[in-house]
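Subject: Structure for you to look at

Hello,

Here is the structure I promised to pass on. Please open it beside this email and follow along.

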Number of protein chains: 2
Amino acid sequence: MNVQLEDTCGKREAVLNSTLSLLRKHGFHGTPMSQIAKHASVAAGTIYHYFESKDALILELYVHVKNKLALAVMAGDDEHQTYKERFFNCMLNQYNFYIENEDSLVFLEQYVNSPYANQHPEIDSQLFVDKVISFFKYGIENAYFKNIDSRLLAPTIKGTLVAAAYFQLSQHMVFSKDDIIEVINVIWDGIKKQ
Amino acid sequence: MNVQLEDTCGKREAVLNSTLSLLRKHGFHGTPMSQIAKHASVAAGTIYHYFESKDALILELYVHVKNKLALAVMAGDDEHQTYKERFFNCMLNQYNFYIENEDSLVFLEQYVNSPYANQHPEIDSQLFVDKVISFFKYGIENAYFKNIDSRLLAPTIKGTLVAAAYFQLSQHMVFSKDDIIEVINVIWDGIKKQ
DNA sequence: TTGTACCGAATGAACGTTCAATTAGAAGAT
DNA sequence: ATCTTCTAATTGAACGTTCATTCGGTACAA
């Protein structure tokens, strides 16, 4: 078995968390491995025990964060509810995940707009594809949405929500739950059939 | 007068354009000054004649690009048209600017999600604020939009459009003008009064 | 003669990564 | 229980490279 990859005392996790936290304030080029090591209370060499390189660390962090996002978004999903109810639940979950995990939001946005995403389009969270993407595919196939190019739906929905969450965080303000429901309504009114 | 900032034979502009182009493929940390100099056919030292540092170069590039965006978005704006017509014109202009200036789109997205934007929130294009922001303020004040928090409108609108444009570029596909009109309709249906 | 534009080799700091050495702990033997 | 052995985990100083920036110098225009 891969005993050497088991991360017995949580140092791997500590490195991932420290990287996430430092990346937000200083960006990728402003976050040296030495600083990650210090923040994670780990020697520089230890990072290379768990990750092949700084690039590999970033890629694994991306999958790590997106896995957590997928779990959060689909939390409490109930197939007996109407599709609209399920949609609102997912959207609210997603929004809350972002504002409760600011570092994750900023990192995900940095990542998708970075050369990493372009150079490694095959890297993604299997969990996210299986759960979240599938949910929207279901909505498209069962015609809950307007008849627009299905490839346009995901970015349209995501863009609005991320923009709102990002705005809230960057402006250090708080929107009420009703404000957010209103935003989700904007999305829903925009894309729903009819 | 600032004769030393006049850029007699276009080297300043060349540096800005080269930076924009290189940043897209390699990101900030992957784009050394030496490479920018080579790409712009300029000596490394020359860059420092026009820009105080690499950071200053990025900041000035941001304003430069956003100025061009502002001009493009408001092109052909006609105050005699209905607000909806003007809105569609702006949105279409913005979308077209993005897909005709991929480097600019990627850079702007990279920038707003980078520590630069957080550390220099005061830096922006005066032209953009005066023209584009004003146009949306007008729409809010005259109640063309739903009664949602006005601070939520801009990110909501922008997010959708940028996401669609970014998606088109990242997937190397082409949406027809009708497809885009449809996206703008999604936005309009979402935010318009009633 | 003075100052601006420009050059590109040189500089020094910072960085990602390596590696020889040390520790920790588990498994096996006595 | 105790000792032995083996391997994974960890350390941090050292290495070689790369990079942003500097600076002494040239060319040219006013």
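Which helix gives the largest share of the surface near DNA strand C? Helix α3 (residues 44-50) of chain B does, with five residues. "Near" is when a heavy atom of the residue lies within 4 Å of the strand. Helices are DSSP runs (H or I, at least four residues), numbered from the N terminus.

Two notes before you read on. This is a predicted model, where local features need pLDDT of at least 70 and side-chain atom pairs count only at pLDDT 80 or more, while totals for chains, interfaces and linings use all residues. Residues are numbered from 1 along each chain as its sequence is written, chains are lettered from A and ligands numbered from 1 in the order in which they are written, and side-chain values use heavy atoms, leaving out hydrogens and water.

**DNA strand C**

In total, 17 residues surround DNA strand C. The closest are A:Met33, A:Tyr48, A:Lys54, B:His49 and B:Tyr50. Of the strand's atoms that come within 4 Å of the protein, 77% belong to sugar and phosphate. By class, the surface has nine nonpolar residues (Ala, Val, Leu, Ile, Met, Phe, Trp, Tyr, Cys and Pro), two charged (Asp, Glu, Lys and Arg) and six polar (the others, Gly among them).

Now look at the phosphate oxygens. One lies 2.6 Å from a backbone N or O atom of A:Met33. A polar side-chain atom of A:Tyr48 is also 2.6 Å from a phosphate oxygen of the strand. For a side-chain N or O atom of B:Tyr50, the distance is 2.2 Å.

**Inside chain A**

A:Thr31 sits in the loop between α1 (11-26) and α2 (33-39) of chain A. Is A:Thr31 buried or exposed? A:Thr31 is buried (under 20% relative accessible area, 1.4 Å probe, protein chains only), with a value of 0%. Setting aside residues up to four places away in sequence, A:Thr31 touches A:Leu22, A:Leu23, A:His26, A:Ile36 and A:Lys54. Touching, or contact, means heavy atoms within 4.5 Å.

Helix α5 (residues 83-100) of chain A has 18 residues. Its buried residues include A:Phe87, A:Met91 and A:Tyr98. Among the elements that cover them are α4 (54-73) and α9 (150-170) of chain A.

**Where the chains meet**

38 residues of chain B are in contact with 38 residues of chain A. The two chains bury about 3,100 Å² between them (accessible area lost on being put together, 1.4 Å probe, summed over both). Carbon and sulfur atoms carry 65% of it. B:His29, B:Asn113 and B:Leu152 supply 19% of the area that chain B buries against chain A, more than any other three residues.

Best wishes

Technical notes
Polar contact = N/O pair within 3.5 Å; in protein donor to acceptor, adjacent residues only side chain to side chain. Helix = DSSP H or I, 4+ residues; strand = E, 2+ residues; numbered from the N terminus. Expected span 1.5 Å × (residues − 1). Buried < 20%, exposed > 50% of the residue type's maximum accessible area, 1.4 Å probe, protein only.
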